[in-house]
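Student: Could we go through this structure together? I would like to see how the labels are justified.
Tutor: Gladly; ask away.

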Amino acid sequence: MILRSFTFYLLTLSTFLSSLGFAYEMDDQVGYVNPRKSHFQTERFQFNGTSDRLRKFSLVLKDLGVPPESSPNFSGFPLSQEVTRPDFEANLNILDPDAGLRRYLSVDDQGVSLFQDFFSHLLPEGFLEYGVDFLKSAPSTNTEALLAKLNQISKQVKNPAETQPLAGLKILIDPGHMGTPDWDTDTGKYVRIQNQKVSEGQLNLWTALLTANAFESLGATVYLTRTEDGAVSPLDPATFDTSPFFNQYFYNSLDAWMSPYLSLPDSSILGAVRNAPEAKKAYTPNQRTQFFITGADLEARSQLIDQVQPDIVIDIHYDANQSDQLQNQDNSIEAFVPGGFRKEETGSRYVRSLMFNHLLETRRFNASVDLAADMIQGMSQSLNLKLQNTAEFLTSIRVQDGVYARNLYISRRNTTSLMVYLECLHYDHASEFSRLAKNDLMGNYHGKSFAYPSRLQAVVDGIRTGFLHHFQK
Ligand SMILES: [Zn+2]
C-alpha cells in the first residue's frame, strides 16, 4: 500500500521531470525513480522486514479507525542540485535543534534523503520519501526567483526619486486569532481586568489594517487573511468535518505521546492506547473546537497564502501571560521565523516533508531572519522596548536577539515566501494594558472605519521603518 502510493508519486514526478526535459533513472529492480540512487547500493539493504514501530503504529491507527497517512506531495521541492552541503548544514541546529528530523535523514557528501522512519542502513529501500543531491560548488541557488524580486525592490527603495518604492511587491498580512467575544473565550487570547478588556484578535486586526495602509501607500500590493473580527475559515465550527485534523492529531503523536505505547507487546497495545488520556481527548467537544481553531482556521489562512503566492508573509500577534491578571516584568518584542522543529513534533510524514523543505531552502530562511531582524529593530526603537534575548523562548530557539525559530502552523506550512511572525509587545503588561484599553483614534481601511488605541501607531511606525530600512541596506 505504502509502496504503491510511493510509486504513484514517483511516476508523477518522472512524468513531470520528463516534461521539463530532465534526465531521470528508472530502477528496474524496484520499479521506481530513485532521486538519490547512491543511497541504494544493494549491500546497504540486507534487511527486508519492516520497521516494527511503524508496524505497531499502523495497528493502532487501524484500531482507531484512522487511515494510513498518505504520501506527502513533493511537487514544490528542488528537483536538481540547488543547495551545497555546507549551506544545508549551516542552520541545521536552529531548524532541527534536537536532531529529531535528522533521525529520518541520510546525509552524505552526495546529498540528503528523507525516509518514512528513523534512517538506518537496515531500513528497506521502499521507505524513501524524497532525496536530492547537493550542489557541489558554492553558491547555493535555491529561492533564486524570490531573492531576485526582493533585490529589485531594494533598488527601488534606494532610488530617492521613486514615489512607489514597494511597487511590484506582494505582501500578505495575517492578523492572528479571531477577536470576537465567543472566540476570545475559546482561544483565551484576551485580558480582562474589572470592566476593561483587551482582545488580542482585535489588536492584531487593527495593526494589520494600519500596516496594510502603510505598505499600500508605498506601492505594495497587500492581501489580508481577514478584514474584520471572526474566523478566516468559512466552515461552521459546529458541523465541519474534523477528520483531517483528527487524523493529523494521531499522525503527529508518533514521536510524542504515542511513542512509549509502541514498545508494548501486540497483545496489550490496542487497549492501552484506547485508554490513553491523549487518545480519549481527541473525541471531546473541547478538542473539536481546538481542531477548528488550530486546524481548520489556520489551514484556511495557509490556503490563502497558497492562492495569493505573496513574496512576504507577515503574521501579527501580541503576547500575554494570563487572561485575568496584569504583570510588570515581561514586555519585549520578538519575531518568529520557520524552524525550531522539536523532536516530539516529527511524527507525521506530511509535517516532516514541510520541515524538510525548510531545511533545503537555506537562502529563504536566511532572508526571513534578516527581514525579521530589521523589522523588530524598527519596532524596538519606535516602542522603546527591548528585544527578547533568552537562548530559548517557549519552544523556540534564538537565531539572534529578538529573532527565534519556532515551529508554528502557518510558518511551517509556508514554503514559498519569506515569513516573519511578529509578537509586537505584551498587552498584559500594566502600562501597555492601560494604553491599549482605550480606542482613542479612528482609522480607515478601504472605506471601512474603525477605532483603535493610539499606541498601535508606534507599532506600525516601527514595522514600516524597519521594513524600509531592510531594503535600504
Ligand atoms: Zn497570538
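Student: How do you know what span to expect for helix H13, and how far does H13 reach?
Tutor: Keep in mind that this is a predicted model. H13, residues 362-383, has 22 residues. The expected span is 1.5 Å times one less than the number of residues, which gives 32 Å for H13. From its first C-alpha to its last, H13 reaches 31 Å, close to that expectation.

Student: What makes H13 enclosed or open to its surroundings?
Tutor: Of the 22 residues in H13, 16 are buried, so the helix is largely enclosed by the rest of the structure. Just after H13 comes Asn384, with a positive phi near 55°.

Student: Why is Arg301 called buried?
Tutor: The cut-off is 20 or more other C-beta atoms within 10 Å. Arg301 has 23, so it is buried. Arg301 sits in helix H11, residues 285-308.

Student: Which residues is Arg301 in contact with, leaving aside its neighbours within four places in sequence?
Tutor: Those are Asp174, Thr225, Val232 and Ile410. As for Ser233, it is 68 residues from Arg301 in sequence, yet their C-alpha atoms are 7.5 Å apart.

Student: What makes strands E7 and E8 a pair?
Tutor: Pairing needs at least two bridges. E7 (residues 190-193) and E8 (residues 196-199) have four, in the antiparallel sense, so they pair. One of the bridges joins Val191 to Val198 in E8.

Student: And how many residues lie between E7 and E8 in the hairpin?
Tutor: Two, and Gln194 in the turn has a positive phi of about 50°.

How values were computed
Residues are numbered from 1 along each chain as its sequence is written. This is a predicted model: local features need pLDDT of at least 70, side-chain atom pairs count only at pLDDT 80 or more; totals for chains, interfaces and linings use all residues. A residue is buried if 20 or more other C-beta atoms lie within 10 Å of its own, exposed if 12 or fewer, and partly exposed in between; C-beta atoms are placed from the backbone. Two residues are in contact if their C-beta atoms, placed from the backbone, lie within 7 Å.
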